[in-house]
Amino acid sequence: MLANLVRLANMGVDVIRFDALAFLWGKIGTDSQNLPEAHQLIPLFSMCLHVIAPGVILLAEAIVAPRNIIKYFGEVPLKGNECEVAYNASLTALLWNSIATKKTSLLHKSLEEIPPKPVDGIWVNYIRCHDDIVLGYDDDFIRAIGWSPSEHRSFLLDYYSRGLEWSPAKGLMFMYNPKNGDGRITGSAASLLGLEKALEQKDTTKINHAVSKILILHGIILSYGGIPLIYAGDEIGTLNDYSFTKDDDHKNDSRWINRPMQDWKTIENHRSQIFKGLKKMIQLRKKLSVFADTRTALIHPSPNEHIFLLNVTIEKLKFGSNQI
């Protein structure tokens, strides 16, 4: 494995992504997830690369419970000595929970209770990727706000992928386990957020509502700090692609619903509200240093359970005659 890492570095790779890092070490009689041995190997890989290719950084793909994701930056005495960058899967799952429940209580509770990342660590914030969306929550946090973990997960699966009549979402299930009721969801961001169904119904109010939800989720990942990741197609509201059901190689893998062939002509000529909104937010992020990853975001309890309160220290910035 070290030889392969060095080979990648010699090829000029700057960022090496560790896939399914939580399962790096397997042991009979355990779930082979987040084992201590994994946290012995990762610092070894990191140390060797720092000696041989100090410019290379490691990206952790550990899609596990919130308390465990943070560990892949490294804990005492190895704090900051594992991966420099990690996917913020907890934030992703919490945002989709808030969309379905219309409440931010679990979002607030989880972000307040999880230890902060190391100063030198960086989150990759995203609302979805090429795979499924894992509904990874801490059961203790769910109970603490008065919900049943199993019933809550069942509701989320119903909302996003089991065709609740009143739900605006159109998604599919992935890797459902009937023994414990756990499952994951798939679908394009636009379809999961109601745009596909709204367009089918030709309902202008619902279309505008779906567009607003698409923009607000991207607004959070663009302002939370870290590196924002926008999945290809989400910037123009790409809908689910159901053609995978006719492909023998893909029909049994529902994740292909959100892996469409891109229509480059459409993209080239696109001037949608979503595209314009994202472009404006990206421009603001570049201008305002408050959105840099040099500050720790402070999560404040909200008197309104439907509102997410996020605070960052704002320095005095000058733009022409204006000060912020």
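**Exercise 1. Does Cys 83 count as buried or exposed, and which cysteine sulfur is closest to the sulfur of Cys 83?**

Solution. The model is predicted, and the burial of a residue is judged here from its relative accessible area, with buried meaning under 20% and exposed meaning over 50%. Cys 83 has a relative accessibility of 2%, so Cys 83 counts as buried. The closest cysteine sulfur to that of Cys 83 belongs to Cys 48, and because the separation is 14 Å, the two are too far apart for a bond.

**Exercise 2. Determine how many disulfides the structure holds, and describe the place of Cys 129.**

Solution. A disulfide calls for a pair of cysteine sulfur atoms within 2.5 Å, and the structure holds zero disulfides. Cys 129 is in no disulfide, and the nearest cysteine sulfur, that of Cys 83, is 17 Å away. With a relative accessible area of 22%, Cys 129 is partly exposed.

**Exercise 3. Describe the protein as a whole, beginning with its helices and strands.**

Solution. The first step is to count the elements, which gives 12 helices and 12 strands. The next step is to look at the radius of gyration, which is 21 Å, close to the 20 Å that the globule rule gives for 324 residues, so the protein is as compact as a globular protein of that length. Along the principal axes, the C-alpha atoms fill a box of roughly 60 × 60 × 45 Å. Of the 324 residues, 45% count as buried, while the exposed surface comes to about 17,400 Å², of which carbon and sulfur atoms supply 56%. Among contacts between residues at least 6 apart in sequence, 67% join residues at least 24 apart. Finally, the protein carries 36 positive and 35 negative side chains, and the centres of these two sets lie 6 Å apart.

**Exercise 4. Find which residues of helix H5 are buried, and which elements they pack against.**

Solution. Helix H5 covers residues 105-113, and its buried residues are Leu 106, Leu 107, His 108, Ser 110 and Leu 111. These buried residues pack against helices H4 (89-101), H6 (139-144) and H7 (149-161), and also against strands E9 (298-300) and E10 (309-311).

**Exercise 5. Follow the contacts of Pro 149 and Ser 46, leaving aside neighbours within four places in sequence.**

Solution. Pro 149 lies in helix H7 and is buried, with a relative accessible area of 10%. Once those neighbours within four places in sequence are left aside, Pro 149 is in contact with Asp 139, Ile 142 and Arg 143. Ile 236 is 87 residues from Pro 149 along the chain, and the C-alpha atoms of the two are separated by 34 Å. Ser 46, in turn, belongs to helix H2, residues 38-52, and is buried at a relative accessible area of 3%. With its neighbours within four places in sequence left aside, Ser 46 is in contact with Leu 58, Asn 81, Glu 82 and Glu 84.

**Exercise 6. Place Asn 34 and Lys 202, and state the phi of each.**

Solution. As background, most residues other than glycine have a negative phi. Asn 34 is not a glycine, and yet its phi is positive, at about 60°. Asn 34 sits in the loop between strand E1 (15-18) and H2, where it is buried, with a relative accessible area of 18%. Lys 202 likewise has a positive phi, near 55°, and is found in the loop between helix H9 (195-201) and helix H10 (204-223). Lys 202 is exposed, with a relative accessible area of 75%.

Technical notes:
Residues are numbered from 1 along each chain as its sequence is written. This is a predicted model: local features need pLDDT of at least 70, side-chain atom pairs count only at pLDDT 80 or more; totals for chains, interfaces and linings use all residues. Side-chain values use heavy atoms; hydrogens and water are left out. Helices (H or I, at least four residues) and strands (E, at least two) are DSSP runs, numbered from the N terminus. The radius of gyration is taken over C-alpha atoms; the globule rule is 2.2 Å times the number of residues to the power 0.38. Buried means under 20% relative accessible area, exposed over 50%, partly exposed in between (1.4 Å probe, protein chains only). Contact means heavy atoms within 4.5 Å. Accessible areas come from the Shrake-Rupley method with a 1.4 Å probe; for residues, only the protein chains shown count as cover. Lys and Arg count as positive and Asp and Glu as negative; His and the chain ends are not counted. The place of a charge is taken as NZ of Lys, CZ of Arg, CG of Asp or CD of Glu.
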